[in-house]
Amino acid sequence: MSKRMKSRSAFTLIEVVTSLAIMSVLMLGLSGAIMIGAHAIPTENDVGQADQQVVEVLNQLRADLREADGIRMRTSASFVVFRLRMIDSGASGTPKQIDYSYTISTGVLVRKVDDQPVKTMLTGIKQYDLSVEELDGEFCSFNLVMNVPATKQGTFDLHAALPVKPQVQ
C-alpha cells in the first residue's frame, strides 16, 4: 500500500480546496488594487465637467462686466484684483459691488459680492492674462485668457465688449 501512495498522480480534495482558497484571497486583493487604480484616472465625463465649470465662471464674469458702470483694477506680482461697481437697477437684492481676485501663487480665482462671504470660483489656474481697452477714461472691452490644465480644452478666452462703457476708477 505504501508503494501505491507514493505513485499517486492526483491531488486530494483538501489540497484543491486549500489552493482555491489561497487563490481567491489573492484575486480579491488584486481586484481591489485594480479598482483603486481605475478610480484614479479621470474619465471623459469628469474632464467635461471641469470644462463646463470654467465656462460657467466666464459666463458669470461676462454678465457681471456688462452690468458694471465702474471698474477699478489693481495688479501686482502676486495678485490681480478688479472691483465692479454695479448699475443700480432699483431691485432689492441687486449687488452694488463685486470683487474678483486672482492669486497667482495658488492659482485661485474668487468672487465676493457686497458683504457676502468670499466664494471660490476656480482653482488650478496656471495662466491668467487680463487686458482691457480703454478710451477716454471708459472701458470698451475686456479680454481674459486663462490656462486651466485640469480641463480638456486647457486654454479659455473671454472677450467682452462692454455696452455700458464703465468708468475707470
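**Figure 1. The whole chain, seen from its surface inwards.** About 11,500 Å² of accessible surface belongs to this chain, and carbon and sulfur atoms make up 59% of that area. Keep in mind that what you're looking at is a predicted model. The chain has 169 residues, and 26% of them count as buried. Walk along from the N terminus and you meet the elements in the order α-α-α-β-β-β-β-β-β-β-β-β. That gives three helices and nine strands. How much of the contact list comes from residues 24 or more positions apart? Among contacts with a separation of 6 or more, the share is 40%.

**Figure 2. Zooming in on F82 and Y100, an aromatic pair.** Searching the whole structure turns up two aromatic pairs. In this one, the ring centres of F82 and Y100 sit 5.3 Å apart and the planes make an angle of 20°, so we call the pair stacked. F82 belongs to strand β2 (residues 79-86) and Y100 to strand β3 (residues 97-103), so the pair links distant parts of the chain, 18 residues apart. Are these two residues buried or exposed? F82 is buried, with a relative accessible area of 0%. Y100 is buried too, also with a relative accessible area of 0%.

**Figure 3. Y102 meets Y128.** Here's the other aromatic pair: Y102 and Y128 are stacked, with 4.3 Å from centre to centre and 20° between the planes. Which strands hold the two rings? Y102 is in strand β3 and Y128 is in strand β6 (residues 127-135), so the pair ties together parts of the chain that are 26 residues apart in sequence. Y102 is buried, at a relative accessible area of 3%. Y128 comes in at 10%, which is under 20%, so Y128 counts as buried as well.

**Figure 4. A salt bridge between a helix and a strand: D64 and R111.** Side chains of opposite charge can pair when their charged atoms come close. How many salt bridges does a search of the whole structure find? The count is three. In this view, D64 bridges to R111, and their closest N and O atoms are 3.0 Å apart. D64 sits in helix α3 (residues 44-66), while R111 sits in strand β4 (residues 108-113), and the two are 47 residues apart. D64 is buried, with a relative accessible area of 5%. R111 has 16%, which makes R111 buried too.

**Figure 5. R85 and D69, a salt bridge between two strands.** The closest N and O atoms of R85 and D69 are 3.0 Å apart, and the two residues form a salt bridge. R85 is part of strand β2 and D69 is part of strand β1 (residues 68-75), so the bridge ties together parts 16 residues apart in sequence. Buried or partly exposed, which word fits these two? R85 has 32% relative accessibility, so R85 counts as partly exposed. D69, at 26%, counts as partly exposed as well.

**Figure 6. D99 and R83, a salt bridge with one buried partner.** D99 and R83 bring their side chains together in a salt bridge, at 2.7 Å from N to O. With D99 in strand β3 and R83 in strand β2, the pair ties together parts that are 16 residues apart in sequence. D99 has a relative accessibility of 13% and so counts as buried. R83 reaches 26%, so R83 is partly exposed.

Methods. Residues numbered from 1 in each chain as written. Predicted model: local features only at pLDDT ≥ 70, side-chain atom pairs only at ≥ 80, totals over all residues. Heavy atoms only, no water. Phe/Tyr/Trp six-rings, centres within 6.5 Å; stacked < 30°, edge-to-face > 60°. Helix = DSSP H or I, 4+ residues; strand = E, 2+ residues; numbered from the N terminus. Buried < 20%, exposed > 50% of the residue type's maximum accessible area, 1.4 Å probe, protein only. Contact = heavy atoms within 4.5 Å. Areas by Shrake-Rupley, 256 points an atom, 1.4 Å probe, with all protein chains shown as cover. Salt bridge = Lys/Arg side-chain N within 4 Å of Asp/Glu carboxyl O.
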